[in-house]
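Open the model in your viewer and keep the sequence panel beside it. We will go from stop to stop, with something to select at each one.

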Amino acid sequence: MTCVPMKPTIDCFVPFDSLPQVATTVANLRQCGNVAKVYLLCRGDVPVECPEGCEFVKTASCLEATSTMRKIADLVDGDYVLIYTKHTTLQLGLYALERMMQVAADSGAGMVYADHYNVSASGECIAAPVIDYQMGSLRDDFDFGSVLLFDSRAFAEAAGKMKSDYDVAGLYDLRLKLSQTMPIVHINEYLYSDVELDTRSSGERQFDYVDTRNRSRQVEMEAACTEHLKAAGGYLEPGRYTRVDLSQAGGFGCEASVIIPVRNRVGTIADAIRSALSQRCDFAFNVIVVDNHSTDGTSEAIARIADPRLVHIIPDRDGLGIGGCWNVGVNHGSCGKFAVQLDSDDVYSDENTLSRIVATFHEQQCAMVVGSYKITNFALETIPPGVIDHKEWTEENGRNNALRINGFGAPRAFYTPLLRELKLPNTSYGEDYALALRISRCYRVGRIWEPIYLCRRWEGNSDAALDTARINANNFYKDRIRTWELQARVAMNKQRGGDGNG
């Protein structure tokens, strides 16, 4: 006897601005025989006649509001919920929705999403692959694409768990709650096309989460993420730190070392070194440059700087990333009690940066210090977005919120004995973020809110204009870092006899 399953149905929710805007999208959805209802999400009253076979639903000003999620949950009658998140035309591939439902059913997913194409202003279709979701995919800007297909029961269950009323974090809150009990599955197939609205480079987008204009949004996202961490058992209580006794460290030839990893930065390395050597301190310090086998004249430029405080190291091995270079420098016999970061194309804001960092270690009794920085051009003129101070960090919740965002700030400085014990991953992306998460799990992180560092932007910056493959690889790795860190925090809380709920 052959078992033929009943035909599943989909209720679709599409944002509405105008009839021309939704016409093609609705027509595409209707080509799938599984689509039962199409709801048009509109903000306020709509003075037009509803398209045939559709229904207007009045929602909050933002599609992602909690009230919108609850309204969708109340309206759904089908087996699946489809949410389209853009206000531009959607073009579905052949049997795309059928494929999404099939994968959802076969995998037991609470939500599925897929690779797709972005249509440029000139009409060019550009491949837009996305990455797999994992435990550490806690960023509120995780790229799912614009077509999200939910199991309706999973959607309703997650909506029922929503405790807060968010203006913009409702969809984020819902997918976090859904992920607590059901998998979120990436379909590695190109199933649709949509129009790409954000055409900025990776370098322009990377500071969105610290833009003061987005502050209210970030506050909501932090609250939703913190609630999720408590449910997952990975929340860290305020003030519960392992104490660092800075007075016990001995055997160091100097108080601090500025660590500069470098490879092929002949045009910038001298400025960085001179900035470090010009620091005015009432303690002894040195500058350790880990020259990763440069081939462009960088090594010669370093050698021309005659100063006994400059330590030029060329590692005796290949295959080192930035993290590996840091490990070489920190474990060198000349490294001081505190190791302070300076990138090879940046400079300190003035001659007091190093002394201020070291003072902060003692004042705040912390294992790591993070400063603030200013984005400049090569003439040291401030350029957008200006000062990056990471004020989303708070003493009460910073180390929890750090699992949601993509960075800690700069310059970073570390208590050398601890850094020698923990070490950095041997990578050239995310190595500092991984270390900062690990330190913040157990130790206090000190902060300096005024800019003490100048990050000089130029076409050679490693994150200025990355292609999709590199962006995806970087994001996947940072999500992996977050996964490992969250797993470690959950385990630590269990060992302590608590669940992390504060």
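Start by selecting strands β1 and β2 (residues 35-43): they pair in the parallel sense over 6 bridges. Strands here are DSSP runs of E with at least two residues, helices are runs of H or I with at least four residues, and both are numbered from the N terminus. Two strands pair if DSSP finds at least two bridges between them. Within this pairing, Phe13 stands opposite Tyr39 in β2. Now follow the chain from β1 through helix α1 (residues 19-30) to β2, a β-α-β crossover that is right-handed. To check the hand, look with the strands pointing away from you: right-handed means that the path from the first strand over the helix to the second runs clockwise.

A word on what you are looking at: this is a predicted model, in which local features need pLDDT of at least 70 and side-chain atom pairs count only at pLDDT 80 or more, while totals for chains, interfaces and linings use all residues. Residues are numbered from 1 along each chain as its sequence is written, and side-chain values use heavy atoms, with hydrogens and water left out.

Next, add strand β4 (residues 80-84) to the selection; β4 runs parallel to β1, and 4 bridges join the two. Asp11 is the residue to click here, as it stands opposite Val81 in β4.

Stay with β1 (residues 10-15) and show its side chains. Why is this strand largely enclosed by the rest of the structure? Because 6 of its 6 residues are buried. Buried means under 20% relative accessible area, exposed means over 50%, and partly exposed is in between (1.4 Å probe, protein chains only). In a regular strand the side chains alternate between the two faces of the sheet. Both faces are covered in β1, with Ile10, Cys12 and Val14 buried on one side and Asp11, Phe13 and Pro15 buried on the other.

Time for the aromatic rings. The whole structure holds 15 aromatic pairs. Rings of Phe, Tyr and Trp (its six-membered ring) pair if their centres lie within 6.5 Å; planes under 30 degrees apart count as stacked, over 60 as edge-to-face and the rest as tilted. Select Phe13 and Tyr39 again: their ring centres are 4.8 Å apart and their planes meet at 15°, so this pair is stacked. Phe13 in strand β1 and Tyr39 in strand β2 are 26 residues apart, so to speak a link between distant parts of the chain. Both residues are buried.

Now jump to Tyr113 and Phe144, whose ring centres are 5.0 Å apart with planes at 90°, so they form an edge-to-face pair. Tyr113 lies in strand β6 (residues 111-119) and Phe144 in the loop between β7 (125-128) and β8 (147-151), so parts 31 residues apart in sequence are tied together. Tyr113 is buried at 0% relative accessible area, and Phe144 is buried at 9%. Add Tyr133 and Phe142 to see the cluster that ring pairs build from Tyr113, Tyr133, Phe142 and Phe144.

Two charged side chains deserve a click as well. Arg456 lies over the face of Phe378, 4.2 Å from the ring centre, and Lys478 lies over the face of Tyr433, 4.9 Å from the ring centre. The test is that NZ of Lys or CZ of Arg is within 6 Å of the ring centre and within 35 degrees of the ring normal.

For the backbone stops, zoom in on Pro384 and Pro385, joined by a cis peptide bond with omega of about 5°. Pro385 lies in strand β16 (residues 382-388). Another cis bond runs from Ala410 to Pro411, with omega near 0°, and Pro411 is in the loop between α12 (398-401) and β17 (412-415).

Then select Tyr95, a residue other than glycine with a positive phi, near 55°. Tyr95 sits in the loop between β5 (90-92) and α3 (96-107). Is Tyr95 buried or exposed? At 56% relative accessibility, it counts as exposed.

Finish with the cysteines. How many disulfides does a search of the whole structure find? The count is 0, where a disulfide is a pair of cysteine sulfur atoms within 2.5 Å. For Cys225, the nearest cysteine sulfur is that of Cys62, 18 Å away. Cys225 is buried, at 1% relative accessibility.
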